[in-house]
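Good morning, and thank you for making time for this presentation. I would ask you to keep the sequence and the structure in view while I speak.

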Amino acid sequence: MINVAIMGHGVVGSGVAEILIYHADRIAEKVKDKINVKYILDLRDFDGLSYSDKFTKDFESILNDDEVKVVAEVMGGVNPAYDFVKKCLLSGKSVVTSNKELVAAKGAELLKIAQDNNVNFLFEASVGGGIPVLRPMAQCLAANEINSVKGILNGTTNYILNKMIVDNMDFDTALSLAQEKGYAEKDPTADIEGHDACRKVCILASLAFGKHVYPEQVYTEGITNITLGDVEYADGFNCVIKLIGSTERLADGKITASVRPTLVSRDHIISGVNGVFNTVMVNGDQTGDVMFYGKGAGKEATASAVVADIIDCAKHLNARKYLFWEDGSDDYVVCSDKAVKLYIYAAGDDFNTLCTSAEALFGENASYIKNKFKNEIAILTDKKPESELLKAAEQLKANTVKVMHTLF
């Protein structure tokens, strides 16, 4: 029998407990041994459950119990999760987590501690929820050199943008609906400002390229400034707006990483990923593009990924799974000046000046949608170096034109 502990009994933690306890026979068949939930750590009381006797409010009871071999951390946040996870790893217990904030901030350190103590630190649920992404990248794509990873990494923002696109719903109304349906938190800041997707980009980039990427190194922009005007003009360019997280290896060994609203051509497969669904596209030098798709959050889906990691740890109690990256550096993540297309939604008091200024700066190869009734123009530039396009956008501002939004 393999004893495990669960730290946290919220949405995901309760799902993990239910799978392990109510489907114990099925899990035992896969592990070839019984997994016993010995402790569930939570400061709250949960009376009336069939497993209420397993709860403890004392972390030390888990830490000091040598019979506990695997610990699932599903509390969220960095504190006290970091302290608890670190102590568990140092004491010789394997740890699994769904905590993207913890892995993005402390992943390299915790992986090194796990390596030094011959235990495992696994976190499949931290990026794709129930979508298997990290294990396939580390194992199934191991023969590849990863060139880039990109995708829709946050279901809440994808749902909101989809409502704006399909139902002509403004941002605030779409957000309220997402909260009503339970897709968005009461405080949605982490989702709509891009922080959640940023943490996932950090984990994906660290795994793909072998060095830790920290959230403050990733250019991050959310969707709070997207308007129905942007949605309408994007459609005019045969595009939809998606919040895209991406990371790419550069020729000099450094990488780029960003999260930002992006115009995606309707001809691209990612444009059809709607609602709360997520997708991750990995480009390898041998496979080309490989795409992972599914619901990126939710109690059952995320708990399923956590339990899969527990099973993996149970099967490797005396051997480490090779999952590792080194610490990063301040100059590892850089801004790329590669050729891109820039979308600009601008307005001015004088429509003719607006159009003349835009065409002089961006040339005849750019695409334009002109709205004389609103004194607005939407521009989708030709592909040019990013710095050159941003400089031109600043010049457009200088010509008494207000640049309302720029999207790549």
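The side chain of threonine 56 reaches the backbone nitrogen of aspartate 58, at 3.1 Å. Please bear in mind throughout that this is a predicted model. Threonine 56 also has a side-chain partner: a polar contact of 3.4 Å with the side chain of serine 61. The residue belongs to strand 3, which covers residues 55-56. Is threonine 56 buried or exposed? Its relative accessible area is 14%, under the 20% limit, and therefore threonine 56 counts as buried.

I turn next to helix 12, residues 228-236. At the N-terminal end of this helix, threonine 227 acts as the cap, with a side-chain oxygen lying 3.2 Å from the backbone nitrogen of glycine 229. Which residues of helix 12 are buried? They are Gly229, Asp230, Val231, Tyr233 and Ala234. After the helix comes asparagine 238, with a positive phi near 60°.

Helix 12 also leads us to the salt bridges. How many salt bridges does the structure hold? There are 22. As a general matter, side chains of opposite charge can pair when their charged atoms come close.

One of these bridges joins arginine 266 to aspartate 235, and the closest N and O atoms are 2.9 Å apart. The pair links distant parts of the chain, 31 residues apart: aspartate 235 sits in helix 12, whereas arginine 266 sits in the loop between strand 10 (255-265) and strand 11 (277-284). Arginine 266 is partly exposed, at 38% relative accessible area, and aspartate 235 is partly exposed as well, at 43%.

A further salt bridge is formed by the side chains of arginine 260 and glutamate 386, at 3.8 Å from N to O. Arginine 260 is in strand 10 and glutamate 386 is in helix 15 (residues 386-398), so this pair ties together parts that lie 126 residues apart in sequence. Both arginine 260 and glutamate 386 are buried.

Let me now consider a network. Which residues are linked with Asp312 in a network of salt bridges? They are Glu124, Arg135, Asp309 and Lys321. Within this group, lysine 321 bridges to aspartate 312 with its closest N and O atoms 3.4 Å apart. The side chain of aspartate 312 also makes a polar contact of 3.1 Å with the side chain of arginine 135. Aspartate 312 is placed in helix 13, residues 299-315. With a relative accessible area of 9%, aspartate 312 is buried, and lysine 321 is buried too.

From buried charge I move to charge on the surface. Arg26, Lys30, Lys32 and Lys315 gather there in a patch of positive charge. Where is lysine 32 found? It occupies the loop between helix 2 (24-31) and strand 2 (35-41). Its relative accessible area is 72%, over the 50% limit, and so lysine 32 counts as exposed. The backbone of lysine 32 deserves attention as well: phi is near 65°, a positive value in a residue other than glycine.

Asparagine 375 likewise has a positive phi, of about 55°, although it is not a glycine. It lies in the loop between strand 15 and strand 16 (376-380). Asparagine 375 is partly exposed, with a relative accessible area of 24%.

One further backbone feature concerns a peptide bond. Asparagine 79 and proline 80 are joined by a cis peptide bond, with omega about 5°. Proline 80 is located in the loop between strand 4 (68-73) and helix 4 (81-90).

I close with two separations between C-alpha atoms. Lysine 150 and leucine 263 are 113 residues apart in sequence, and their C-alpha atoms are 14 Å apart in space. Lysine 150 is in strand 7, residues 146-152, and is partly exposed at 34% relative accessible area. What separates the C-alpha atoms of serine 367 and alanine 303? The distance is 46 Å, for two residues 64 apart along the chain. Serine 367 is in strand 15, residues 367-371, and at 35% relative accessibility it counts as partly exposed.

Thank you for your attention; I am glad to take questions.

Notes: Residues numbered from 1 in each chain as written. Predicted model: local features only at pLDDT ≥ 70, side-chain atom pairs only at ≥ 80, totals over all residues. Heavy atoms only, no water. Patch = residues over 30% accessible without salt bridge, like charges linked within 9 Å, V, L, I, M, F, W, Y side chains within 5 Å. Areas by Shrake-Rupley, 256 points an atom, 1.4 Å probe, with all protein chains shown as cover. Salt bridge = Lys/Arg side-chain N within 4 Å of Asp/Glu carboxyl O. Lys, Arg positive; Asp, Glu negative; His and termini not counted. Charge placed at Lys NZ, Arg CZ, Asp CG, Glu CD. Helix = DSSP H or I, 4+ residues; strand = E, 2+ residues; numbered from the N terminus. Buried < 20%, exposed > 50% of the residue type's maximum accessible area, 1.4 Å probe, protein only. Polar contact = N/O pair within 3.5 Å; in protein donor to acceptor, adjacent residues only side chain to side chain.
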